[in-house]
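Here is a friendly walk through one protein model, picking out a few features to look for as you turn it around. Keep the sequence beside you while you read.

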Amino acid sequence: MPTWSDFLPGGPAASALDAGQGGLAGAEPEALPGRSGRGGARGEAGAGTAHLEGRAGGDMEDGVLKEGFLVKRGHIVHNWKVRWFILQQNTLLYYKLEGGRKVTPPKGQILLDGCTITCPCLEYENRPFLIKLKTRTATEYFLEACSREERDAWAFEITGAIHAGQPGKVQQLHLLKNSFKLPPHLSLHRIVDKMHDSGSGIRPCLNMEQGSTYKKTFIGSSLVDWLISNSFAANRLEAVTLASVLMEENFLRPVGARSTGAIRSGDLAEQFLDDSTALYTFAESYKKKTSPKEEISLSTMELSGTVVKQGYLAKQGHKRKNWKVRRFVLRKDPAFLHYYDPSKDENRPVGGFSLRGSLVSALEDNGVPTGVKGNVQGNLFKVITKDDTHYYIQASTKAERAEWIEAIKKDRNMWQKRTKDTREGQRKQKQWK
């Protein structure tokens with residue numbers, strides 16, 4: 001069954017959508033004074049700031065299809081910076097952030113007429129959630145989301161916006177939006193951990209292809225056999241699709257001409273080859289690259305929990321009280337909240353804390369709360385840790401704030417109950433002895 005990604009350039013259904021090859025994109029507002037996309041961006045004219053009142057994709061109020069945080073690669077200096085993006089029918093606007101708010105006018109805009117989109121984009125090994133937009137004038141934009149789900153949601157909406165002038169093709173796209181999904185219980189990290197098991201996992205070895213020798217590789221058909229034998233897939237088609245997702249998520253890497261050529265296919269189920277001549281290896285990003293000092297300062301235990309929620313949030317610094325966007329990851333068993341610097345390639349937290357004994361609450365919009373700097377009231381919440389450290393965090397919307405508070409409370413309560421039950425069990429064991 002085809003998926004929405006089949007309709008991206010290079011996909012088997014691309015000709016059916018007949019992506020346009022005209023238009024302009026990539027110009028900064030200074031180069032295009034007074035121009036904007038159809039529908040108009042809120043606050044595009046004039047100076048000042050505006051609240052980050054993001055709405056879910058598909059809300060057509062003010063011509064906005066989707067908005068939120070993405071990490072963008074710079075054009076001249078290839079550094080990565082968080083920007084607030086607003087998607088309209090033919091324009092993708094992006095804004096700088098100050099104090100957790102977007103600053104108007106927009107920093108730049110991408111006109112989508114004639115753009116092509118690549119998703120997944122495998123050009124950066126340490127950034128698996130990338131989307132690449134290429135304009136008619138060959139300007140390339142690399143945009144990173146906080147998760148695979150968010151990346152695919154952006155790619156879907158952008159693809160629809162590119163074809164906004166062709167209602168029939170947009171309708172086709174919507175019919176295919178949910179045509180392929182992994183089972184909700186399936187954990188890619190669990191599969192990869194099992195693959196690395198010394199006793200029952202995949203054993204990379206020396207292989208040859210077209211006269212070249214490759215170390216620490218395995219063949220495609222052997223991985224398909226392994227996925228089926230370990231009950232991760234019911235048949236070879238499911239196993240090939242699952243292996244393609246593992247490669248798409250940067251757990252596996254193709255090696256040699258045969259497997260590398262296959263990833264150009266637009267069909268997810270054809271990107272991995274069930275073949276005894278196609279070679280693959282574990283992606284380098286999976287290997288730990290931390291020094292002994294770093295391993296001591298960051299407990300392996302606190303990063304071992306299952307990820308239950310992640311996303312971009314603005315956080316106030318403890319010393320300088322400035323606001324910066326961070327990628328927050330909430331884990332359970334044990335319950336920890338870590339945050340990452342999205343501008344860095346390394347996937348290592350810059351901070352985090354245990355939720356055991358913590359308190360979390362919303363900060364209402366009745367003035368700037370004590371401890372918060374700047375005019376940033378709105379969508380704020382506070383986490384107080386067991387050692388009385390206060391974290392001030394700002395979500396993009398009130399709904400998002402409510403979701404984070406609920407998830408943190410649920411995670412914390414579950415961890416505290418489990419700890420209490422464990423202690424009670426230990427106490428009873430001592431009594432019986």
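A salt bridge here is a side-chain nitrogen of Lys or Arg within 4 Å of a carboxyl oxygen of Asp or Glu. One such pair is Lys132 with Glu140, whose side chains meet at 3.6 Å, N to O. Before going further, note that this is a predicted model, so local features need pLDDT of at least 70 and side-chain atom pairs count only at pLDDT 80 or more, while totals for chains, interfaces and linings use all residues. Residues are numbered from 1 along each chain as its sequence is written, and side-chain values use heavy atoms, with hydrogens and water left out.

**Salt bridges**

How many salt bridges does the structure hold? There are ten. Side chains of opposite charge can pair when their charged atoms come close. Here are three of the pairs:

| Pair | N to O distance |
|---|---|
| Lys132 and Glu140 | 3.6 Å |
| Asp225 and Arg236 | 2.7 Å |
| Arg326 and Asp341 | 3.5 Å |

Are these residues buried or exposed? To read the answers, take buried as under 20% relative accessible area, exposed as over 50%, and partly exposed as in between (1.4 Å probe, protein chains only). Lys132 is buried at 13%, whereas Glu140 is partly exposed at 26%. Lys132 and Glu140 also belong to a salt-bridge network with Glu123.

Arg326 and Asp341 form a salt bridge too. This pair links distant parts of the chain, 15 residues apart: Arg326 sits in strand S14, and Asp341 in the loop between S15 and strand S16 (351-354). Arg326 is buried at 15%, and Asp341 is buried at 16%. As for the labels, helices (H or I, at least four residues) and strands (E, at least two) are DSSP runs, numbered from the N terminus.

**Where helices cross**

Now find helix H5 (residues 220-229) and helix H6 (residues 236-248). H5 and H6 pack at an angle of about 110°, with their axes 9 Å apart. Axes are lines fitted to C-alpha atoms, for helices over the stretch in contact, and angles run from 0 to 180 degrees between N-to-C directions. H5 and H6 are therefore roughly perpendicular, a label for angles of 65 to 115 degrees. Residues in their contact (heavy atoms within 4.5 Å) include Asp225 of H5 and Arg236 of H6. Those two also form a salt bridge, with Asp225 partly exposed at 40% and Arg236 partly exposed at 34%.

On to helix H4 (residues 188-195), which packs against H5 at about 115°, with axes 12 Å apart. H4 and H5 are roughly perpendicular as well. The contact is made by Ile191, Lys194 and Met195 of H4 and Leu223, Trp226 and Leu227 of H5.

**Backbone details**

Where are the cis peptide bonds? One joins Thr104 and Pro105, with omega about 0°, and Pro105 is in strand S5 (residues 101-111). Another joins Asp333 and Pro334, with omega about 5°. Pro334 lies in the loop between strand S14 (323-332) and strand S15 (336-340).

Two loop residues other than glycine have a positive phi: Ala138, near 75°, and Lys321, near 60°. Ala138 is in the loop between strand S7 (130-134) and strand S8 (140-144) and is partly exposed at 46%. Lys321 lies in the loop between strand S13 (306-316) and S14, and is partly exposed at 32%.

Note on methods:
Angles under 35 degrees count as roughly parallel, over 145 as roughly antiparallel, 65 to 115 as roughly perpendicular and the rest as oblique.
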